[in-house]
Amino acid sequence: MLRFCLAAYPVAVITLAVATFCFATDQTADGLTLNLRERPAAPGKGATAATEKKVNWNPKKTAIVVCDMWDHHWCKSAELRVGELGGPMNEMLKAARAKGVFVIHAPSTCTDFYKDTPQRKRARTAPFAKTPVPLATAERWGTAWNWPDGTREAVLPVDDSDMGCDCKVKCEIRAPWTRQTAAIDFADGDAITDNGQETWNLLTERGIENVILCGVHLNMCVLGRPFAIRALVRQGKTVALMRDMTDTMYNPSHPPGVSHFEGTDKVVEHVERYWCPSFVSTDLTGKPAFTFQADPRAKK
């Protein structure tokens, strides 16, 4: 009787069911499908054309680090851009968590604000794990700092010697931040730290191999903080930058004299050449990549 029913069942329906099952299985096996853009080159060598490759990462072995998305900033323009970026970044993080990605919030010098939260306690109590190479000990702006490595990278392509404020009336440099922007949620399974050793402990505890960086500012903290690109690449992690979910501190009146957003693009290219590939949030969300409203290229 069962054989008769199967024989009588429409072939197209059986084919569709098998195809649907295979698609679901493939999706689970593929995990995170990212389109990584890179342009590797050694210092002193000419620029290379960007190349893109598709990779599949296991979401259970992947983390996202949210760098310095503070509630306030000494530069008004920078604070406005963080405010604009916060909502879309929150939606991206929701999509990442749904896929199984671990999220680390890293609001530098503000972790005491969260001292009694389970997310902060998770970072403090993660089992100690020795790093493959010693962590940076030099300090800058309240945390350990990974300075540019002249043997690996050229000088940054933008002049941020004025600290990068692009307001018409230059803002006073101070430290007004107290916490991460309220636009970004903390989920139960997230962690909070601005410490390199705690970051390494969290990654090791979960067997995480791949780390995605997002947040601000790319030419400063996203490269130099103890949980950020230079540090994680030096420790041997597979690192990628989410290039539409970042910003720079760059004043267009300084070299190379391009717009603020073109300056950010140049720093992204610097990262792609010397440190790690990049991709856009579309790969996680399925939605168009984020662009700032003030970027004239977004209107084209």
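A pocket here is an open set of grid points with protein on both sides within 12 Å along at least five of seven lines, and its lining residues have an atom within 4 Å of a point. The model shown is predicted.

**View 1. The centre of the largest pocket.** Arg243, Asp244, Asp265, Phe290 and Arg297 lie nearest the centre of the largest pocket. The lining counts 17 residues. The volume of this pocket is about 320 Å³.

**View 2. What lines the largest pocket.** Helix 8 (260-274) and strand 9 (238-246) each supply at least two residues of the lining. Helix 8 gives the most, with five residues. By class, eight lining residues are charged, six are nonpolar and three are polar.

**View 3. Asp68 in its loop.** Strand 3 (62-67) and helix 3 (76-98) are joined by the loop that holds Asp68. Asp68 has a relative accessible area of 2%, so it is buried. The cut-off for buried is under 20%.

**View 4. Polar contacts of the Asp68 side chain.** Two partners are shown, Ser108 and Arg225. The side chains of Asp68 and Ser108 are joined by a polar contact of 2.7 Å. With the side chain of Arg225, the Asp68 side chain makes a polar contact of 3.1 Å.

**View 5. The surroundings of Asp68.** Neighbours within four places in sequence are left aside. Asp68 is then in contact with Ala106, Pro107 and Ser108, and also with Val216, Cys221, Arg225 and Phe227. Ser108 and Arg225 are the side-chain polar partners from the previous view.

Note on methods
Residues are numbered from 1 along each chain as its sequence is written. This is a predicted model: local features need pLDDT of at least 70, side-chain atom pairs count only at pLDDT 80 or more; totals for chains, interfaces and linings use all residues. Side-chain values use heavy atoms; hydrogens and water are left out. Helices (H or I, at least four residues) and strands (E, at least two) are DSSP runs, numbered from the N terminus. Buried means under 20% relative accessible area, exposed over 50%, partly exposed in between (1.4 Å probe, protein chains only). A polar contact is a pair of N or O atoms within 3.5 Å; within protein, one must be able to donate a hydrogen and the other to accept it, and residues adjacent in sequence count only if both atoms are side-chain atoms. Contact means heavy atoms within 4.5 Å. On a 1 Å grid over the protein atoms alone, a cavity is a set of points where a 1.4 Å probe fits but cannot get out, and a pocket is an open set with protein on both sides within 12 Å along at least five of seven lines; lining residues have an atom within 4 Å of a point. Grid points are joined across faces, edges and corners, and a volume is the space filled by probe spheres set on the points. Ala, Val, Leu, Ile, Met, Phe, Trp, Tyr, Cys and Pro count as nonpolar, Asp, Glu, Lys and Arg as charged, and the others, Gly among them, as polar.
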